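Me: I would like a close look at a single part of this model, followed outwards into whatever surrounds it. Please take it step by step and keep the reasoning visible.

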Amino acid sequence: MRAIVYFILLILGISCTGIENKQNETKVDSVVIKVPTVSENRELPSKKPIAAYALPIDDGIGNVNNWKFAVNIYETAKTFEYKVQIQYKEIRATEMITIPNFGIDPVVSIKPGKSSLDCIIGFNDTKGLFKEYIQVSVKNEQLKFKKINSYAVVKYKTVIK
């Protein structure tokens with residue numbers, strides 16, 4: 001009778017150990033890391049500016065001409081591309097910018113620059129920090145559109161064996 005009890009305990013011990021090993025193996029092998037993805041195309045781009053900066057320019061006759069230094073940013077059909085419309089007095093320009101894909105919906109904004117006819121276009125990173133990207137300014141009565149920082153996203157894949 002003792003032999004049967006020992007035999008049953010031995011079988012139960014082996015069975016439980018086998019189950020524990022299989023569970024541990026499953027946990028190690030089933031690690032899945034998903035990268036958040038954002039669609040490359042925007043379904044309904046807003047027709048209104050998503051960011052704007054404007055400063056009136058005195059024309060010397062009571063602002064009859066409605067002159068201003070203004071920067072407006074608009075969404076396009078591509079999620080990470082934006083149209084930038086710039087105005088200084090009667091000069092108007094349009095530029096396109098591309099924001100890096102950090103795997104989150106882009107948040108583009110405009111902050112004042114160092115002088116009154118200067119502003120910085122930027123975007124928020126994954127931590128919500130503003131990253132300066134493009135400087136728009138007026139120098140010698142000319143519009144300037146200058147990339148002040150470059151950003152890159154590195155994608156890599158880790159294979160778990």
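Reply: A polar atom of the side chain of T79 lies 3.4 Å from the backbone oxygen of N41, and that pair is a convenient place to begin, with the caution that the model is a predicted one. T79 is placed in the loop between β2 (68-75) and β3 (81-88). Is T79 buried or exposed? With a relative accessible area of 6%, T79 falls under the 20% limit and therefore counts as buried. Leaving aside residues up to four places away in sequence, T79 touches V38, S39, E40, N41, R42 and P106, so that N41, the residue of the polar pair, is also among the contacts on account of the 4.5 Å limit.

The strands on either side of this loop belong together. β2 and β3 form a hairpin with five residues between them, and the two strands run antiparallel, joined by seven bridges. Within that pairing, A70 stands opposite Q87 in β3. β2 is also joined to strand β1 (residues 51-56) by six bridges, again in the antiparallel sense, and there P56 has K68 in β2 as its bridge partner. Beyond β3, the loop that leads to β4 (91-98) holds K89, which has a positive phi of about 50° although it is not a glycine. As background to that value, most residues other than glycine have a negative phi.

One of the contacts of T79, P106, leads to another feature. P106 is among the residues that line the largest cavity, together with F80, I99, P100, N101, F102, I104, V107, F123 and N124. How many cavities of 30 Å³ or more are there? The count comes to one, and the volume of the largest cavity is about 40 Å³. Its lining divides into eight nonpolar residues, two polar ones and no charged ones.

Two of these lining residues, F123 and N124, carry the description into strand β6 (residues 118-124). Why can β6 be called largely enclosed by the rest of the structure? Six of its seven residues are buried, and therefore the strand is largely enclosed. On one pairing, five bridges join β6 to strand β5 (residues 108-112), the two running antiparallel, and V108 stands opposite F123, a residue that also lines the cavity. β5 and β6 form a hairpin with five residues between them.

The other pairing of β6 described here is with strand β7 (residues 130-139), antiparallel over seven bridges. In that pairing N124, a further lining residue of the cavity, has F130 in β7 as its bridge partner. β6 and β7 likewise make a hairpin with five residues between the strands, in which G128 takes a positive phi near 85°. After β7, in the loop that leads to β8 (142-147), comes N140, whose phi near 55° is a positive value in a residue other than glycine. N140 has a relative accessibility of 74%, and because this is over 50% it counts as exposed, whereas T79, where the description began, is buried at 6%.

Technical notes: Residues numbered from 1 in each chain as written. Predicted model: local features only at pLDDT ≥ 70, side-chain atom pairs only at ≥ 80, totals over all residues. Heavy atoms only, no water. Helix = DSSP H or I, 4+ residues; strand = E, 2+ residues; numbered from the N terminus. Buried < 20%, exposed > 50% of the residue type's maximum accessible area, 1.4 Å probe, protein only. Polar contact = N/O pair within 3.5 Å; in protein donor to acceptor, adjacent residues only side chain to side chain. 1 Å grid on protein atoms, 1.4 Å probe; cavity = no way out; pocket = protein on both sides within 12 Å on 5 of 7 lines; lining within 4 Å. Points joined across faces, edges and corners; volume = space filled by probe spheres on them. Nonpolar A, V, L, I, M, F, W, Y, C, P; charged D, E, K, R; others polar. Pairing = 2+ DSSP bridges.
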